[in-house]
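Hi,

Here is the structure I said I would pass on. Have a look, and my notes follow below.

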Amino acid sequence: MIVLKTSGELERMREACRLSAQALQVGLDAVKPGVTTWEIDRKIHDFITSHGAKPSFLGYGGFPGSACISINEQVIHGIPSRERVIQEGDVVSIDVGAFYKGYHGDNAGTVGAGEISPEARQLLEVTQQCLYDGIAAAVVGNRIGDIGAAVEARATRYGYGVVREYVGHGVGANLHEDPEVPNYGRAGHGPRLTSGMTIAIEPMINMGTEMVRVLKDKWTVVTADGKPAAHFEHTVAITDNGPVILTRP
């Protein structure tokens, strides 16, 4: 069931999204060679809790971190570790959620550690633009398929693989709500977008194949060919005046 939010609920949700966006920026700013993913996770955790909120991911389904931190071929759900040290040229994706006043915010971004290759930089730029293409399609009267079709069109133009096993989702009082928001699809198909919907649009784009697999830790999703991936996400409200990005820093 898709839960529509009232204007008052959207205002409270906007606070959670603001904290989530700020926490993500804390994490992205901490990415540099020599830093462990555990250190970044602690910075994110401390920021969220210091503002009276809770990390949405901590303990969710048993996840042990406050943020998902995925490097290079890791697409999503990377577990923070004291042993994983970021290296020069790594591509680092961070996914963060904050729960505040009864609502979740959810967002993600990818940055390079130090100097990254031109190919990796293009992947990041294209994936971020895929996100904004998807957001532009998130207007009242369109359908979920219009979002996925917009994301997929740009990614495939560059020969990139669009992850199909993992998708965006509704978000609100629960971290994951209806509807699912795939990063692929047919325009004009799927649930119709209605004012009051709040969804997380999150392109997960691979430099090579779209195929992925899960590591033995049962969390970390990696590309099947070992090539890098990028992940960008915003929580977006569907309104009569167009899409509103709630997770702005």
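S70 is buried, with a relative accessible area of 2%. Bear in mind that this is a predicted model. S70 belongs to strand 2, and its side chain comes to 3.5 Å from the backbone nitrogen of H77. Besides H77, the contacts of S70 include V75, I76 and G78, as well as V91, V92 and S93, leaving aside neighbours within four places in sequence.

Next, the cores. The largest nonpolar one has 31 residues, and I40, I44, I48, I94 and V96 have the most contacts inside it. At least two residues each come from helix 1 (7-30), helix 2 (37-50), strand 2 (67-71) and strand 4 (91-100). Helix 1 gives the most, with 9 residues. Another core, of 29 residues, lies apart from that one, and L123, V162, I201 and I238 are among its members.

If you want one residue to click on in the 31-residue core, try I94. Leaving aside neighbours within four places in sequence, I94 is in contact with L24, G27, L28, V31, I40, I44, A67, C68, I69, N107, A108 and G109.

I also looked at I147, in helix 4 (residues 144-157). At a relative accessible area of 0%, I147 counts as buried because the cut-off is under 20%. What does I147 touch, not counting residues up to four places away in sequence? The list is G134, A137, A138, V181, L193, I199 and I201. For G134, the C-alpha atom is 4.6 Å from that of I147, though the two residues are 13 apart along the chain.

Cheers

Key:
Residues numbered from 1 in each chain as written. Predicted model: local features only at pLDDT ≥ 70, side-chain atom pairs only at ≥ 80, totals over all residues. Heavy atoms only, no water. Core = buried A, V, L, I, M, F, W, Y, C linked by side-chain atoms within 4.5 Å. Buried < 20%, exposed > 50% of the residue type's maximum accessible area, 1.4 Å probe, protein only. Helix = DSSP H or I, 4+ residues; strand = E, 2+ residues; numbered from the N terminus. Contact = heavy atoms within 4.5 Å. Polar contact = N/O pair within 3.5 Å; in protein donor to acceptor, adjacent residues only side chain to side chain.
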